[in-house]
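Here is a set of exercises to work through with the structure open beside you. Try each task before you read its solution.

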Amino acid sequence: MAEIKIKKGINLNLEGAIADATITDTSCKSFAVIPDDFTGITPRLDVKEGDSVEAGSVLYHDKNHTEVKVTSPVAGRVAAVARGERRKIEAIVIEADGSNKAKTFDTKGDVRNTLLESGLWCALRQRPYDIVPDPSVKPRDIFITAFDSAPLAPDFSLLLNGKEKYLDKGIEVLSTLTDGNVYLGCCPEWVPDAKGCIINTFNGPHPAGNVGVQIANVKPVNKGETVWTLDAVTAARIGELFTTGSVPFDTIVAVTGESIKHPHYARCTMGCTVASLLGNDVDNPENCRIVSGNLLTGNHVAANGYLRFPYRQLSVITEVKNPADFLGWASLSPRRFSIYHSFTNWLLRRGKPAEFDAKLNGGERAIIMSGEYDRMLPMDILGEFLIKAIIAFDIDKMEQLGIYEVAPEDFALCEFADTSKLPLQKIVREGLDKLYKEMN
């Protein structure tokens, strides 16, 4: 086991952390699968409204790789197929019937085929491009992250509550899919007793928990190489599938944020409603921003929306704290947070959680080549130059500057710190999509 120290980045200490690790149970009757959560798949429906489904039965498959399938998290009836512009499938809503019928899978046959049929294949990600993996490609290595360093992130030792025994089996299964190694990235505070993998501990601030940062500091991805990534919860879920024969769709979610009266952990089923997780625990619901995921990379969802992939965190903050703030974004208030100690907040509230709302405090402007991204990106990449190359879509420069190593989440902290207010994650996502189409 090697220890790798991460020096770049920053830990954001926010209001709304969970103080009590007690896990509460929730109940829900409506669930949804959102195709946008599974990047790289062009959905083709296998069901229609009114059809009955079991937990684990196919909802849709990929147009280009028909063996790649997304499955239902619950047994019930397809209540609706929500479509957007140009009939794009935005959500498949399932009303649970309470029968708990679940499809079983052959775990003695081909591992790859079992993962594809069960839908767990779609929980994996491939680099380059940060998409659901191509089933025809064998990865150089597989990287698993066993911690999350994002703001208010859940503790993986609690997410794996009672299921640590399946992690070894999951690693064993994954090791059959590569001729290389399976790497497990951990934090110093919790190192699981896992076998069959190479364990590395990462000591440092966020984004140390990002699997892309772990790859860059262990064995970077070069042009022509492919690696797969996932988290330890998914690895344990794969292990449970190959132990019991059915897919476990249950999950533990951290409900966090300063607008939550009592931040807590909740046990639920993937794709459940946001309302079932929040209940009446939101302070001033008319003026709050609900994010499925962490506040840096999550998806903005409505109060009547659904929990999104990777199904482990829900964050709620105030939309606008003080709409009449004197001088607006140019205010010199000592309560204002600043990474670079531009305000006295760091001195007056040393060690205390910072308070945020959802305001941008300014609009987009030209890129300032000040090295801001480099301070937040612990990878051997010139972030500012890479962003400029992506915007210009200069393929040669994108390749030279490391486009194959990155995913949108790797630039989330850069986006937070960016004085230019650029949507860096969106830029990287669109750049990866265009590059994939160009190269394939």
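**Exercise 1. Decide whether Cys414 is buried or exposed in this predicted model.**

Solution. Start from the relative accessibility of Cys414, which is 1%. Next, bring in the cut-off: a residue is buried when its relative accessible area is under 20%. Cys414 is therefore buried. Now try the same step on Cys268: its relative accessible area is 6%, so Cys268 is buried as well.

**Exercise 2. Find out how many disulfides the structure has, and what lies nearest to the sulfur of Cys268.**

Solution. First, search the whole structure: the count of disulfides is 0. Then look at Cys268, where the nearest cysteine sulfur belongs to Cys272 and is 3.7 Å away. A disulfide needs two cysteine sulfur atoms within 2.5 Å. At 3.7 Å, Cys268 is in no disulfide.

**Exercise 3. Work out which sheet strand β16 belongs to, and how β16 pairs with β15.**

Solution. Begin with the strand order of the open sheet, β2-β16-β15-β19-β17-β18. The sheet has 6 strands with mixed pairing. Its edges are β2 (23-25) and β18 (299-300), each of which pairs on one side only.

Now zoom in on one pair. β15 covers residues 250-256 and β16 covers residues 264-269; they run antiparallel to each other, joined over 6 bridges. To see one bridge for yourself, pick Val253 and look across to β16, where Ala266 is its partner.

**Exercise 4. Describe the largest cavity: what is its volume, and which elements line it?**

Solution. Step one is the search, which gives 2 cavities of 30 Å³ or more in the whole structure. The largest cavity has a volume of about 40 Å³. Its lining consists of Phe143, Ile144, Tyr183, Leu184, Gly185, Asn200, Phe202, Gln214 and Val218.

Step two is to place these residues on elements. Two or more of them come from each of β11 (141-145), β12 (182-186), β13 (198-203) and α4 (211-218). The biggest contribution is that of β12, with 3 residues.

Step three is to sort the lining by class: 6 nonpolar, 3 polar and no charged residues.

**Exercise 5. Find which classes of residue line the second largest cavity.**

Solution. This cavity holds about 30 Å³ of space. Around it you will find Leu14, Glu15, Leu152, Glu258, Leu295, Ile317, Ala354 and Phe356. Sorting them gives 6 nonpolar, no polar and 2 charged residues.

**Exercise 6. Locate the second largest pocket and describe its lining.**

Solution. The space in this pocket comes to about 670 Å³. To find its centre, go to Asp148, Ser149, Ala150, Ala153 and Pro154, the closest of the 28 lining residues. By class, the lining is made up of 18 nonpolar, 7 polar and 3 charged residues.

**Exercise 7. Step back to the whole chain: how does its radius of gyration relate to the globule rule?**

Solution. First take stock of the elements: the protein chain has 12 helices and 19 strands. The radius of gyration is 21 Å, close to the 22 Å that the globule rule gives for 440 residues, so the chain is as compact as a globular protein of that length. Along the principal axes, the C-alpha atoms fill a box of roughly 60 × 50 × 50 Å. To finish, 54% of the 440 residues count as buried.

Methods
Residues are numbered from 1 along each chain as its sequence is written. This is a predicted model: local features need pLDDT of at least 70, side-chain atom pairs count only at pLDDT 80 or more; totals for chains, interfaces and linings use all residues. Side-chain values use heavy atoms; hydrogens and water are left out. Two strands pair if DSSP finds at least two bridges between them. Helices (H or I, at least four residues) and strands (E, at least two) are DSSP runs, numbered from the N terminus. On a 1 Å grid over the protein atoms alone, a cavity is a set of points where a 1.4 Å probe fits but cannot get out, and a pocket is an open set with protein on both sides within 12 Å along at least five of seven lines; lining residues have an atom within 4 Å of a point. Grid points are joined across faces, edges and corners, and a volume is the space filled by probe spheres set on the points. Ala, Val, Leu, Ile, Met, Phe, Trp, Tyr, Cys and Pro count as nonpolar, Asp, Glu, Lys and Arg as charged, and the others, Gly among them, as polar. Buried means under 20% relative accessible area, exposed over 50%, partly exposed in between (1.4 Å probe, protein chains only). The radius of gyration is taken over C-alpha atoms; the globule rule is 2.2 Å times the number of residues to the power 0.38.
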